[in-house]
Each structure stands twice: as structure tokens, then as C-alpha cells.
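Student: I have a structure to look at and don't know where to begin. Can you walk me through it?
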Amino acid sequence: MESTMTKPIVELRDVHKEYRQGKLEVMAVNGVDLTIQAGEFTAICGPSGSGKTTLLNLIGCLDTPTKGGIRVGGEDVSRLSDSALADLRLRRIGFVFQAYNLVPVLTAFENVELVLALQGVPAAQRKKRVLAILEEVGLLDLRDRRPMDMSGGQQQRVAVARAVVADPQLVLADEPTANLDSHTGAALLQMMADLNREHQVTFLFSTHDPMVMDFSRRIVRIVDGRIASDESKTHGAGDRSPSGDRSTVAEEA
Amino acid sequence: MLLKMAFRNLWRRRFRTGITLVALGGSFALLLFFVALTEGSHQLMIDLAIRMQAGHVVIQAPEFQKERSLELRVTDPEDLLATLGPLPDGWVVTRRIFTTGLLRSADGSVMLDNLMAVDPVNERKVSDVGRKLVRGAWLDAGAPGILIGEKAARLLKVDVGDKVVVSCSGLTQKVEERFLVAGIFRVGGEADRGTAMIDLARGQVLLGMGDAVSQLAFFMPPDDSFAAARTLRSKLAGRPVAVLHWQEALPVLTQLLWVDDISMQVFIFIILVIVAAGILNTVLMSVMERTRELGILKSLGMKPWAVFRLVLTESLMLGLLAVAVGAALGLPLVHHFGEVGIDPLALTGGEVMEMEGIAFTDRIHPVLLAGSGMVLTAVVLVMTLLSALWPALRAKRILPVKALRQM
Ligand SMILES: Nc1ncnc2c1ncn2[C@@H]1O[C@H](COP(=O)(O)OP(=O)(O)O)[C@@H](O)[C@H]1O
Ligand SMILES: [Mg+2]
């Protein structure tokens, strides 16, 4: 597994993002250099307003930097059209947002299926993969529920399933536990840690939740749009609990 | 999957969708009915005008159209008809002389602005007067009978069997003759005072016309009229007569129908603008409300144009449903009134509509031509797509970053 961690998935070089609101200028990201390798389970930590969401949006190709270069999977994204960026997001990146952000008119199953449908995967194949991933996150029984009929923890697990179903190179999760109680948050983190360990899914979080930092193997701290520290732990993700416990924790979510 | 989402989005807002559907469907039903009513009333007007004043195709002297004078006549009608040979099944040809004159009784007189001498057998088959006799009977060939209108009868204080005197200008001299009132008709409007009919043979003698007539009027299934006019024209090429389609023979009616068509199109346009505004509003609201949701779809990798298509699909679905609702409401309405007819007095508020001395008092039967229905449907659907274009472009331009920040 260590061998897979040498391939850079994301490379940021001197990335800046400036917001202008009337006369006010905010440097939300101010000269960030960062490399994420395949298989990482990394948290970007910092207080509210420090630029975490902005940074994740830049990495996720949802936004473009005012200055600096971003490579995703070795590809320079600054020159891509909106449509090409959409395609890159579709095929390489999974998103988990703080506010779940499921499509309200679709069931749990369909929300996960959506990504595969957008990719043009045939229906029969879609069904197999969606059912497999829903089983993995413990939501097989809730597959026909709409988001509004599910708890926050359940919705967020659907969101994780949606993010990983198409085997993306990278999953970006912006404060995924912020709206969950600590118990539910822990179960969700454990689930993602398992996905990371068992399927080598690369996760990049933003958070100010100490529990997320506990789970992470690498912690990048940012303050005022700059990286303040970057430390790797010898152990982290999922190491705390054996995989046999996962189902029991997951059911509480 | 896009269709499923589009459908569920409409269903999720079923109250609003329902209101929109009722409004759009209602407008569409109204359009269908209005178009059918216009078509029905046009058919009626054409039918009545043709029966009273022309035929689907008429043969007359070239200048007669400009000046309805006795001199401008068809001198050899029988020879012309012989040239044409046997007429197709379902055709009727009637011979007519048109002139003006004065009708007198012991108690008074009325001006006849339309004194007709008609072939009693064939005119009977096509005449509106024949269908609308209130007393008495139709003309007998060779008899000194006259058909007069109800108003004229009242003014002259005469009834069936009474004597009246017709005086008018013949071809060469002023003439006068006694007639017996054979029948009294009520067709409505001025015709009930100023129109009278006598037997053709008697008329020819009285007016000194010999075998001549003013007009040969051909009646046939309406759809055949244009082809028939062409055929007759080519067969009679070189003869000193004019072959006119009713649109040429009745220019005032043709003009009136044209004006009516234009006002119908203006009305349709106004309704469609309202419909478009309704769709624009509904779709725009639904896009604005779903900014976040559409932002999610885009962040997941849905292409901008796919989002555009999603919104258009939803609108088209709305349009199709509206057309279905409209057809469900409008077609039975058209069918019902097509069967029972509508009293034209109810439409004009009691006023008799009259044109060129012809009153339209018969019930109007709305008819929806398949072509009009399809054109209306297509126009409504195109309108739906056009008015959804701008909201769809807005949806296409939604920035996921901004959409996701809106909490
Ligand atoms: N669209 C925007 N327009 C103006 N300022 C913004 C915009 N988005 C973020 N900011 C500002 O950029 C800074 C970083 O914001 P953000 O990336 O959301 O931080 P975090 O996610 O760490 O809370 C904040 O000061 C915020 O007010
Ligand atoms: Mg944030």
C-alpha cells in the first residue's frame, strides 16, 4: 500500500484566490503549495474563514485561482473549459459537502446512481455497483428513501457513497461532520477510513473538528489562507478500530 | 434519468404545476375553441353568402362583377352547359337573373334591391330562402308566383295568394307585371325586405332577356371549388364569359374573412404572450429555487449544456401536459357545440350580424380542422421552449461555488 502513496494526485503551486466585494479585497487563499498523494487520508484544519472551503473548491475544479497552478492527476486544470472541468470532476473527483447536498427528488439509490448515469454507465452495471456501495455503507435497506426521509447521518453516508461509487482518484469532503453529533460523526469517519484502507480511496477533508484530525494520518493547518503547519502521523485512519466493529458503529449513524 | 428528475421536479411542486397546467391548459382549450368557432362561423358565412349571391363557382359576363346590370349577361347558357358536358355527382347548377325593382300592393310599396329570377328546380336545391319559408310554398315552374320576405309582406300588408305588382327596368324598356305571393320567407336582415324571387322563364319573358341569364351558379363539395374553377375556365377558354371562384365573385366576403382571420391571429398572439409569460414565470421560479440543487448537479460533473437541457426538458414536459389538459378540456367543448351549434345572437349580444344584405342568424357550428389543431399545438410547444430558453440559460450559468455557499 505504501507504494501507491508516491503518485501525486493533486499539486498546488503558489495558489492564490482573491475575492473582491466592492472595495474590500479578501485573500482567501494566499500562496499555498500542497501535494496530495494517492491513498492519503488528510485533513485541512483551520478556524472558520481561514480559507478551507475556498481551497477545496480550487482543488475540486469548482473554482479557478487568481494566481498559481493546479494539477489534478498530473493535468494542468487552468486551461480547461467549463465543460472539460465538469468532465474532470465527474470522472476523477468525488464530493461530500457539509450540508449533505443530495438531490431532493431522487431516492438514496438514485442519488448514488446519478454520478454513474452522468458518466454514461449502462443501467444494469449501474445497479450492481450502486447496490454494492450501498451495502458497504450500510444503507441497502434505505435505498428507496428520499433525502427528507433520512437522518443527517444517513444522508451524509449516501453522500459518501455517491462520492466514491465511480472510483474517483480523490474524494473532497468539506467539513463532513460539522452538522452531525459526535457519535454519528465518528461512525461516518470510521466508514470513510475503512473505504480508504480497503479500497485505497484518497480522502481530503477540511475541518475544525478534533475528531476528524484524530482520524487523519496527515494534518495541514491553515491560517488566513496560508499553510501554517503540515504534519504526518505514523498511524491514523481506521487504525483505531478493527474493521469488525464498523457495522455496529455504522448502524448507530 | 433526466426525464425522471424533470418529471419529479414538476411533481414535487404539484400545486404550482397544477395551477400552471390549469392556466396553460385552459388557455389552450380557449384557443382551440376560439379557432373552431371562427372556422365554423366562416364556413357558415361562406355557405350563406354563396347560396344567396353566388355559387362555389359562377359563370357570368366579364363586366358583371363590376356592375350588376341586365345588359351584362350570359346569352347562351344552354350552349355553355352543353360544352361542359355532364356535371360530376353532387354538383348542382342553377341559372339566375339579378335585377332591381319596385314591389307594390294596394297598401304600399317596397324597393327590391335584389329581384331574382331563378330556375325553380335547381335553385330549390341550394337556396337558403327555400329552407326558410315561413308561409306558403316554393315557386312552380312557369307559374306567376313570387317569393317575398316577411318584412316586405308586412309593409305591403299581403299574405300568401295575394296579388302584388313588380315594376322594373327590362332589357329595353320599363316593364310591369302582376304576381301572386307564393311563399313568404324569413332569412333575417335586409333580405326580408329587399329580396324577391320569381320563376326564371317568366323573368326572361318579362325582362326581354330571351334565353339569357345573369349568372350560372355551380354548387359542389366546398373542397372541390378551386379545382372546379380551373377546369371550367379551361373548358370555356375563348368564350365571352368570366369563370369566377366564390372568393373572386364575393370580394367583400373574402375581405371580411381575411380581416377576421387577422383579428383571430392577433387574439391568438395575445393569448400566447400570456401563456409565455406564465411559463417564463414558472420555470424561472423553479430555477431560482433550485439554484443550490442545480449547483450540486454541476459540482458532481453535470455539463452546463446538460443542465440547460434539463430545464428545457422540464418545460417541454409542462407544455405537453398543458396541451393534453387543454385538449381534454377543449375538444369535448368543440365537439359539444359542434353538435348543438351556437346562436349567433348570443355572441353579438342580440344584434344580427349582416353583410351585403345577408344576415347570419343560423346557428354556428364550431369545427376544428386537424391542421389548425396541429399548428396550434406546435405553436404552443415552440412558445413553451422559447420562453424557457432564458431561465434555462440562467441555469446553465449557475456557478456551483456560489450556489453551494447559499445556505
Ligand atoms: N464568494 C466570496 N466572496 C467574497 N468573499 C468570500 C467568498 N467566499 C469566501 N469568501 C471569504 O474568503 C475567506 C475564506 O472563506 P472560506 O474559504 O469559506 O473559509 P472556511 O471554509 O475556512 O470557513 C473568508 O474571509 C470569506 O469571507
Ligand atoms: Mg467552509
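Tutor: Start at the ligand: an oxygen atom of ligand 1 lies 2.5 Å from a polar side-chain atom of T54(A). Keep in mind that this is a predicted model.

Student: How much of ligand 1 does the protein cover?
Tutor: On its own, ligand 1 has 560 Å² of accessible area, and the protein covers 75% of that.

Student: Which elements give two or more residues to the shell around ligand 1?
Tutor: In chain A, they are β1 (8-21), β2 (24-37) and α1 (52-59). The largest share, three residues, is from α1(A).

Student: Where does ligand 1 lie, chain-wise?
Tutor: Between chains A and B. There are 13 residues around ligand 1, and R405(B) is among those that come nearest, along with G49(A), K52(A), T53(A) and T54(A).

Student: What about the backbone of G49(A)?
Tutor: One of its N or O atoms lies 2.7 Å from an oxygen atom of ligand 1. For a backbone N or O atom of G51(A), the distance to a ligand 1 oxygen is 3.1 Å.

Student: And the shell by class?
Tutor: Seven residues are polar, four nonpolar and two charged.

Student: New topic. How is chain B divided?
Tutor: Into domain 1, made of 2-49 + 254-405, and domain 2, 55-248. Their C-alpha centres are 47 Å apart.

Student: How much area do domain 1 and domain 2 of chain B bury between them?
Tutor: About 710 Å², with 50% of it on carbon and sulfur atoms. On the domain 1 side, I46(B), T254(B) and E354(B) lose the most area to domain 2, together 42% of what that side buries.

Student: How many residues are in contact?
Tutor: Ten from domain 1 of chain B with ten from domain 2 of chain B.

Technical notes: Residues numbered from 1 in each chain as written. Chains lettered and ligands numbered in written order. Predicted model: local features only at pLDDT ≥ 70, side-chain atom pairs only at ≥ 80, totals over all residues. Heavy atoms only, no water. Near = heavy atom within 4 Å. Polar contact = N/O pair within 3.5 Å; in protein donor to acceptor, adjacent residues only side chain to side chain. Areas by Shrake-Rupley, 256 points an atom, 1.4 Å probe, with all protein chains shown as cover. Helix = DSSP H or I, 4+ residues; strand = E, 2+ residues; numbered from the N terminus. Nonpolar A, V, L, I, M, F, W, Y, C, P; charged D, E, K, R; others polar. Domains from an automatic or database assignment. Contact = heavy atoms within 4.5 Å. Buried area = accessible area lost by both parts, 1.4 Å probe.
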